Amino acid sequence: MTNLSAKFSSGRVFWITGLSAAGKTTIGRALAAHLRASGSSVIFLDGDKLREVVSNNLGYSKEDRRAAAMRNGMLCRMLAEQGHDVVCATISLFHDVQRWNRENIPRYFEIFVRVSWDELRRRDTKGVYSVAGERRTSNVVGLDIPAETPQAPDLVLDNDNPLEPADAVRLILDRVSGLARRSSANNRNGVHFGTKAETLERLAPSLRSAAILPQVRFSVEEWRVDRQSVLKRIVATPWGSEAVIVRSSAKGEDSSFDSQAGKFVSVAGVEGPEAISLAVERVLASYADNDCPHDQIFVQPMLNKVSMAGVAVTREPRDGGPYFVINYDDYSGRADLVTSGTGEKLKTFFCLKSHHQGFPENLRPILALLQELEALLGCDAIDVEFAVGENGALYLLQVRPLVLEQPLIPAEAVAAATEQIAQKVASLSGPHPYLHGNRSAFGVMPDWNPAEIIGLKPRPLALSLYRELITDSIWAYQRHNYGYKNLRSFPLLTNFHGLPYIDVRVSFNSFIPRDMRPDLAERLVNYYVERLLAQPTLHDKVEFEIIFSCYTLDLPERLSILLKNGFSPDDVRNVTDSLRNLTNKIINNQNGLWRNDQKRVDRLVERLAAIRDSSLDKISRVYWLLEDCKRYGTLPFAGLARAGFIATQFLESLVATGVIDRSEHAAFMSDLNSVGSQIGRDFGRLNKDEFLARYGHLRPGTYDILSPRYDEAPDLYFDWAARQQHPSNAPGFALSVSQMRLIERSLKTHGIEHDILSLFDFIKGGIEGREYAKFVFTRSLSDALSLIKQIGAEHGLSTDECSFLNIADVRALYTESGCIEARLRESITEGKRRYALTRQIVLPPLIASSDDAFAFHLPTTQPNFITKQCVTAPITVLGDSTERLRGAILFIPSADPGFDWIFSRGITGFVTQFGGVNSHMAIRASELAMPAVIGAGEALFELWKKAGKICLDCGNQQVQFVS
């Protein structure tokens with residue numbers, strides 16, 4: 001029988017491997033039962049039973065375990081050759097056994113069930129780890145016998161939170177089905193991954209869409225034994241006397257389980273035997289930690305004068321969605337700018353694999369290369385480095401398996417969901433009788449920017465809480481109360497399969513003063529939308545750069561842009577008058593709504609104590625904490641946030657009109673008595689218990705149940721030994737007599753019906769009031785999250801599982817009878833199902849049309865540089881050891897107030913991925929005179945955090961790589 005006929009007449013072998021207590025047997029039994037029910041002839045082999053039958057003469061030493069694993073593999077092959085499907089659940093964590101299986105079993109599928117050590121020890125279903133810990137046994141895989149986890153598994157199942165057996169079976173069969181289709185159709189020539197150099201060599205004869213440069217490959221052992229022979233081989237090539245690149249090709253460098261991309265050195269631009277010899281030694285030195293005589297090095301001719309170069313992957317690398325992602329440089333002429341991580345003009349293109357008609361013309365050759373490589377290698381998750389020469393020739397520089405951490409959803413499900421998102425975008429973008437504007441767009445940062453507050457892909461509990469407390473109705477009620485258009489029936493946030501987006505047209509309508517003429521409002525909203533689409537980098541600055549939502553001293557100058565865009569002088573006067581009337585009513589020091597909102601927030605403090613001290617059951621307390629949070633917390637907070645924004649705008653207009661300078665602006669901000677500045681003072685003044693009693697409810701993710709409160713993990717956040725009081729050396733803010741007179745004249749000239757004292761009282765109260773209201777309402781929210789966590793624990797649910805709840809289901813328990821645990825588990829199951837799909841979907845930060853759901857370039861951003869300070873320091877990221885924070889520039893995802901703890905750790909500056917110039921952390925940076933970048937955006941944030949050290953120069957608005 002030929003190998004080809006054997007391949008298609010034998011049964012399949014499902015080799016399910018992992019450590020003890022990982023869940024292999026449960027998954028294996030479910031898979032076998034499913035296959036049997038589908039009509040297959042199936043044999044299920046359990047590792048423990050196999051040892052009793054075929055390896056009962058072997059012990060548990062490493063060598064005996066390897067021998068037993070080899071017997072298991074040979075038995076699987078024998079049974080498969082008889083036409084049976086074999087499901088084998090076994091530890092058998094030996095690379096040579098896995099290799100033997102792959103080479104000798106035609107239809108072999110390797111599934112690795114991965115579980116963290118903490119969880120394995122917690123389960124310890126057979127008592128293996130507890131007994132080993134008491135030193136009553138040895139020879140335990142993963143403890144004294146190293147676990148050689150698979151280097152190239154076909155599927156990794158993360159099972160810390162045990163997968164439902166049916167879900168695990170579906171993931172296995174979906175993966176196996178895709179591999180089998182590609183293998184039978186495209187991979188009959190047997191192009192398999194090897195080392196970096198081996199893979200390129202194997203592909204060279206078959207690849208049609210790109211060229212592969214010639215190479216000379218040698219092992220570490222060959223070099224050490226006879227380097228002169230190696231050098232002669234290189235020099236003897238047609239290109240050996242020219243500039244070459246010496247590249248790493250270690251055995252463990254590229255596997256589908258563990259990528260070590262960038263770990264080892266490659267040396268470019270080397271000429272002559274002596275220079276090549278030195279370059280090889282540099283590469284060898286980078287192998288020092290895993291020195292292996294069989295590791296390889298290879299030499300290729302240098303590719304100079306490129307027109308484009310980059311990295312492309314065939315799955316979204318973070319969550320594994322079915323997308324082509326191309327990160328490329330088409331301006332520098334270098335082949336290494338993308339991989340070196342130092343280019344700021346890099347472009348990133350995303351395209352759903354099933355809709356590749358969205359590819360731009362200049363990237364179509366890359367698409368052809370990716371599709372051919374997937375077919376040749378029989379793998380739909382690859383990482384490719386490429387370059388395009390000046391003559392337009394495409395070169396493949398490297399291809400490796402892409403390491404994916406998440407279980408994959410079928411590509412068809414992601415495609416179907418994306419189609420539905422595109423349909424919803426089209427539906428919501430059409431004309432609406434109650435909205436001004438011909439079209440809409442959807443963004444993650446405008447208005448109540450969800451990317452900053454809950455993230456791009458929040459868990460269901462966080463998303464549903466944010467909608468309940470803010471974006472479903474609260475936002476519109478308070479905006480209408482403050483004098484804007486009534487949009488009380490319009491949700492602000494649109495949920496695209498779990499990805500939160502602001503409906504920009506709804507948002508822009510909400511900033512139209514209610515007394516504005518309808519025809520003018522229509523044209524104004526259309527102008528706002530079109531300007532945003534023309535300048536998408538402003539999507540986190542719409543209120544500062546695009547729309548006009550209040551009167552300021554520089555408004556007449558800013559409104560002049562309308563005259564250049566089809567508006568008449570009469571239109572501009574109408575806008576001016578409407579905004580002046582609205583602003584005068586809001587600022588009013590006697591009966592302005594912001595004063596009443598401050599009192600409502602104080603009422604929440606009283607009601608919180610009443611709920612906390614009551615005898616109500618936990619579900620009732622959750623219900624009333626959230627009800628009070630809306631009525632006395634987020635509702636007045638929405639008003640105070642509007643007042644705070646107008647206050648900030650008015651202060652900025654004093655700078656823009658030359659009344660005060662930037663240093664005086666900074667002095668005013670430093671003088672504010674905000675919650676953030678109080679935290680800093682109280683950390684040095686109060687003892688630990690007093691501090692946590694006041695601030696313990698704060699958490700870095702306000703809506704995230706997985707984010708510990710300060711009082712739940714105080715030592716994680718704070719260095720109590722380093723506490724000290726920091727008296728402010730900053731000069732206080734004071735206006736000169738001439739400045740006061742100038743402001744008084746300006747107020748009269750502009751028709752602002754308030755004196756200078758009431759104006760500055762409003763500015764100070766507005767900014768401080770917004771931060772105070774947020775501090776107060778987050779206590780109610782945080783307490784509700786803690787109660788939900790307790791309710792979950794009482795019904796056998798982990799905190800992680802509770803994060804998949806929908807708050808509507810929790811609230812429903814207050815008014816409905818029934819089994820609490822059943823309702824919660826039903827909500828969690830649905831939340832997990834939806835969130836698994838959410839994680840695989842990728843959308844642009846600004847959606848302008850339904851086509852953007854399928855293909856888009858990631859837009860560039862204009863980061864917000866705060867203060868004029870400059871600092872050079874090493875960078876650290878959230879999650880690194882807290883010891884690394886002191887003296888470093890910290891990279892954090894958002895500008896949430898729960899991150900105030902970072903200022904107690906001695907950082908010298910910080911960068912956030914999301915956030916606006918008016919966000920909490922922007923205000924804190926101003927108060928502390930600390931250099932910061934707020935809202936760097938996805939591309940720059942990922943680029944900058946690759947550096948070892950940066951110069952953060954806010955005065956010149958630039959970030960420079962130092963190392």
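Contact is taken here to mean heavy atoms within 4.5 Å, and helices (H or I, at least four residues) and strands (E, at least two) are DSSP runs numbered from the N terminus. The model is predicted, so that local features need pLDDT of at least 70 and side-chain atom pairs count only at pLDDT 80 or more, whereas totals for chains, interfaces and linings use all residues. Residues are numbered from 1 along each chain as its sequence is written, and side-chain values use heavy atoms, with hydrogens and water left out.

In helix 22 (residues 555-563), the buried residues (under 20% relative accessible area, 1.4 Å probe, protein chains only) are L555, L559 and L562. Viewed down the axis of helix 22, these residues fall within an arc of 20°, and they therefore line one face of the helix, the arc being that of the directions from the helix axis to the C-beta atoms. The cover over the buried residues of helix 22 includes helix 20 (518-534) and helix 23 (569-587).

In helix 5 (residues 95-104), V97, Q98, W100 and N101 are buried; the buried residues of helix 5 fall within an arc of 160° when seen down its axis, so they line one face of the helix. Among the elements that cover them are strand 1 (13-17), helix 4 (62-81) and strand 4 (108-114).

Between helix 25 and helix 33, I619, S620, V622, Y623, W624, L626, E627 and K630 in helix 25 meet I807, V810, R811, L813 and Y814 in helix 33.

How values were computed. Buried means under 20% relative accessible area, exposed over 50%, partly exposed in between (1.4 Å probe, protein chains only).
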